[in-house]
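Reader: Please take one part of this model, the group of aromatic side chains, and look at it closely. I would then like to follow the chain outward from there, with every cut-off spelled out.

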Amino acid sequence: MPTVCVTPAHFHSTELEYVQILQKAGFEVRFIDSSKHNLQDPATLIAQLGDCVAVLANPEPYTAEVLAKCKLRVISRAGVGFDSVDLEAATDRGIVVTRTPGVLHEAVAEQTLAFLFAISRSIIPRDRDTRMGRWQRAAFPRLKGQTLGLLGLGPIGRCVAEKALALGLKVIASDPYAALHDGVELVTLDHLWGEADIISLHVPCTPETAHIINRATLGRMKQGAVLINTSRGGLVDEAALVEALTSGQLAAAGLDVFEEEPTSPDNPLLKLDNVVLAPHVAGLDNESLRDMANMAAENIVALYRGEWPTPNVVNPEVRPLWKW
């Protein structure tokens, strides 16, 4: 019986529907406990994958070394990011990489707005002050009428745009591949940096977008702008971000993702009062978890049956080389 390994801890329950989907298709399901095994270590990941032919994956490092020493035929990412997978190495070894698009945009959009409200209304400092008996009442700028700049206008960016427009924000976006969207002005990157009061990131981390938020681009932003990142930590040069937040170039940031995850307790961002943080949870609500797990399982089952889940395959060029 072929085995599917499952790494995300939030999927480690035999009661979840996706387990039944895999078992009915003839798979054994094995959970890998990342609290006991450091899956960021390639040697540990290789050992834990063992004889698994497919993995329902978190962002563990599926490097060329790992792929050369395992028996995987499918890496099924629960989510839309795939920057932790060496796609070239996977394709060379005939391994299909899939993802689960279209199931977490609402969750990520809500987390983006949660950051926006937390920062604009100073929710966390006000909560702390009130608990400490500091009754400090102060006014803050209204969100309505401010300009939200979206870097990326895919399904998540569009979902954020719709919610932001309903709140009365002006929305601009930079995305060379995006179609026109009602109420959203498509602009150049330079225009985005200079015009947006709030910049929210919704692009994958690729060689072209890595550290797209850096000293130079931060310097082009409005003084006192706000940065929100619910996409990938690698988009942001954290050292440059700390400088911008400390100098006042940026007023605040909301960060769900980091360059290294889990981030180090020594990360200077954790010590700044003008940053709101979360542990890479933007895509996680009950509905998105269910839908991600089910789609990730269905991707594996489809491939096992000789079908090709075209919209969900990240490296379609592997098809001529692929076999179970």
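Author: Phe27, Tyr304, Trp308, Trp322 and Trp324 are joined into one cluster by ring pairs, where the rings of Phe, Tyr and Trp (for Trp the six-membered ring) pair if their centres lie within 6.5 Å, and the planes count as stacked under 30 degrees apart, as edge-to-face over 60 and as tilted otherwise. The model is predicted, so that local features need a pLDDT of at least 70 and side-chain atom pairs count only at pLDDT 80 or more, while totals for chains, interfaces and linings use all residues. Residues are numbered from 1 along each chain as its sequence is written, and side-chain values rest on heavy atoms, with hydrogens and water left out.

Over the whole structure, the search returns six aromatic pairs. One of them is formed by Phe27 and Tyr304, a tilted pair whose centres are 4.6 Å apart and whose planes make 50 degrees. This pair connects distant parts of the chain, since Phe27 belongs to the loop between helix 1 (17-24) and strand 2 (28-31), whereas Tyr304 belongs to helix 11 (residues 286-304), 277 residues apart. Helices (H or I, at least four residues) and strands (E, at least two) are DSSP runs numbered from the N terminus.

How does the accessibility of the two partners read, buried or partly exposed? Phe27 has 2% relative accessibility and therefore counts as buried, while Tyr304, at 32%, counts as partly exposed. In the terms used here, buried means under 20% relative accessible area, exposed means over 50%, and partly exposed lies in between (1.4 Å probe, protein chains only).

Turning to Trp322 and Trp324, their ring centres are 5.8 Å apart and their planes stand at 80 degrees, so this pair is edge-to-face. Trp322 is buried, because its relative accessible area is 15%, whereas Trp324, with 31% relative accessibility, counts as partly exposed.

From Tyr304 one can follow helix 11 back to Met295, which also has its place in that helix. Met295 has a relative accessible area of 18% and is therefore buried. Once neighbours within four places in sequence are set aside, Met295 is in contact (heavy atoms within 4.5 Å) with Arg99, Thr100, Pro101, Val103 and Asn312. Its C-alpha atom is 34 Å from that of Leu189, and these two residues are 106 residues apart along the chain.

Another residue to consider is Val281, in the loop between strand 12 (275-277) and helix 11. With a relative accessible area of 28%, Val281 is partly exposed, and, not counting residues up to four places away in sequence, it touches Gln111 and Asp256. Between the C-alpha atoms of Val281 and Thr230, which are 51 residues apart along the chain, the separation is 8.6 Å.

Gln111 leads into helix 5, where it is listed among the buried residues, including also Val108, Leu113, Phe115, Leu116 and Ile119. Helix 5 (residues 105-120) consists of 16 residues and reaches 22 Å from its first C-alpha to its last, close to the expected 22 Å, the expected span being 1.5 Å times one less than the number of residues.

Helix 5 packs against helix 7 (residues 155-166) at an angle of about 50 degrees, with their axes 8 Å apart. Helix 5 is therefore oblique to helix 7; angles under 35 degrees count as roughly parallel, over 145 as roughly antiparallel, 65 to 115 as roughly perpendicular and the rest as oblique. The axes are lines fitted to C-alpha atoms, for helices over the stretch in contact, and the angles run from 0 to 180 degrees between N-to-C directions. The crossing of helix 5 past helix 7 is right-handed, a crossing being left-handed if the near helix is turned anticlockwise from the far one by less than a right angle, and right-handed if clockwise. In this packing, His105, Glu106, Val108, Ala109, Thr112 and Leu113 of helix 5 meet Pro155, Ile156, Cys159, Val160 and Lys163 of helix 7.

After helix 5 comes Ser122, which has its place in the loop between helix 5 and helix 6 (123-131). The phi of Ser122 is near 50 degrees, a positive value in a residue other than glycine, and at 14% relative accessibility Ser122 counts as buried.
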